[in-house]
Amino acid sequence: MNLRPALAALMLATAAAASPADHFHPRHGLNFDIWIDWQTTEDMVTTQGFLAHYPDWRGKVPQQAIAALKTQGYDFARLPMDPAPLLRIGPGKRQDGLIDQIAEDAALVEATGLKVIVDIHTFPRPDENWGVDTILSDPDLFAAYVALIGKIARRLDGMDPVRVAFEPMNEPTTDCAAVWGSAKPTWPAQLMTLYHAARANAPDLPLVLSGACWGGAQGLVRLDPGKFHDANIIWSFHSYTPFPFTHQGATWTGGPEMVMAHLPYPPSLLTDAAANQRARDAAARAKAENITTDPPATLANLKTMLATYRDSADGHVEDDAALVAKWADKNNIPRGRLLLGEFGANHAPATDTKDDRASRLRFLTAKSRAAEQLGIGWAVWSWSGAFGVVKDDTTRAPDNAICRALGIGPCK
């Protein structure tokens, strides 16, 4: 019996079934900046010329630095686009002009050989009306956001769907009580609304979708992907575990980790003596600088946090990727349609020690390899800034040690 015709037919059927998301297949990615010059939304829309470059990296980052990313080993870029100024401005020519810039940014980066995820990057803005918490809790603002997503999708429609994907919302912060408890979830219905707005206006582009509670793995695996009836979706999750390590010194978190410094990775390297000293140093800093955290950065609370960190297995860094891979297999989702959309670790170059740098390199290796070994692509956070992977934020010259830690390169 000649099996060749049957085999050929099977191969053709398999090829025909592959979606643009399968061809996009993100592997090694880099998150671009949201903003270089951070301003309030009001300042953005009222400062003459500020939004002429949206985001502002477009007017400040050397073009050769963008062009070099492909040769450094990245195959795609995630482009965070802050929707706050678009919502603040509202529908009209000025908003349309910013949407045009989103498409131009995507085309500019894609022309360098990188695939692109256009990420509408919501995040909390506690002192303004345009943050993700407000968008998801205010029906009128959510309706405006859904309309905006439809407009952006329509503008991106027609771009190469195996090279450009669209992410309609970054890190929905709601539903943590549903993810970790028994509260009734609201995000699945809101996600479906956003999905329909995007898909109706961009029928061919891969859509990048995530779960609730900051877009984490636990939120993603509580979604039912079968309700979407769409193979052209990349399912994304963000992972910053272990959080005390990745966000030590990050002043925007509000938690006691913001006054912590010099935690090693993996947790097994933190000795009793070192843990006690780190806790004393952090408590003293909080008191001396009058820093308020939730819960308070008392010596007792800091010791409890470090005890929890030390009790976590070194392999805990891999848990999120393994959880998502299991969910995908259960739902017949190819792992090539999964993405660790953000991971990284805060650093403070002015005060970091050699041990701090070595710990950060070990973490980047562990997190990226955990995803890769499961067939999951990743996008490191971020190109520059406190989580940056470059030598300096001006030239954007790559850090060769970080390239090696991520398993890309050679970066020269």
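**Strands, disulfides and a buried aspartate**

Let's start in the middle of the chain: strand β6 and strand β7 (residues 338-342) run parallel and pair over 4 bridges. Pairing here means that DSSP finds at least two bridges between two strands. Helices (H or I, at least four residues) and strands (E, at least two) are DSSP runs, numbered from the N terminus.

Before I go on, a word on what you are looking at. This is a predicted model, where local features need pLDDT of at least 70 and side-chain atom pairs count only at pLDDT 80 or more, while totals for chains, interfaces and linings use all residues. Residues are numbered from 1 along each chain as its sequence is written, and side-chain values use heavy atoms, leaving out hydrogens and water.

Back to β6, then. In the pairing with β7, Ser236 stands opposite Leu339. β6 also pairs with β5, again in the parallel sense and over 4 bridges, and there Leu209 stands opposite Trp235. So how many residues of strand β6 are buried? I'll give you the cut-offs first: buried means under 20% relative accessible area, exposed means over 50%, and partly exposed is in between, using a 1.4 Å probe and protein chains only. For strand β6 (residues 233-238), 6 of the 6 residues are buried, so the rest of the structure largely encloses this strand. Ile233, Trp235 and Phe237 point one way from β6, while Ile234, Ser236 and His238 point the other way.

Now please look at strand β1 (residues 28-31), which is covered on both faces. His28 and Leu30 are buried on one side, and Gly29 and Asn31 are buried on the other. β1 runs parallel to strand β8 (residues 377-380), joined by 3 bridges, with His28 opposite Trp378. β1 also runs parallel to strand β2 (residues 76-81), again with 3 bridges, and here Asn31 has Arg78 as its bridge partner.

Next, the disulfides. In general, a disulfide is a covalent bond between the sulfur atoms of two cysteines. The cut-off used here is a pair of cysteine sulfur atoms within 2.5 Å, and a search of the whole structure finds 2 of them.

One disulfide joins Cys176 and Cys213, with sulfur atoms 2.1 Å apart. This link is right-handed, with 100° about the S-S bond. Cys176 sits in helix α10 (residues 176-179) and Cys213 in the loop between β5 (207-210) and α12 (217-220), so the pair ties together parts that are 37 residues apart in sequence. Cys176 counts as partly exposed, at 27% relative accessibility, whereas Cys213 counts as buried, at 12%.

The other disulfide is formed by Cys403 and Cys411, and their sulfur atoms are also 2.1 Å apart. Which hand does this disulfide have? The torsion about the S-S bond is about -95°, so the disulfide of Cys403 and Cys411 is left-handed. Both of these cysteines are buried. If you number the bonded cysteines in sequence order, the pairing reads 1-2, 3-4.

Last stop: Asp356, in helix α17 (residues 354-372). Asp356 is buried yet has no salt bridge, meaning a side-chain nitrogen of Lys or Arg within 4 Å of a carboxyl oxygen of Asp or Glu. For charge, Lys and Arg count as positive and Asp and Glu as negative, while His and the chain ends are not counted. The nearest side chain of opposite charge is Arg278, 6.6 Å away. Leaving aside neighbours within four places in sequence, Asp356 is in contact (heavy atoms within 4.5 Å) with His262 and Thr351.
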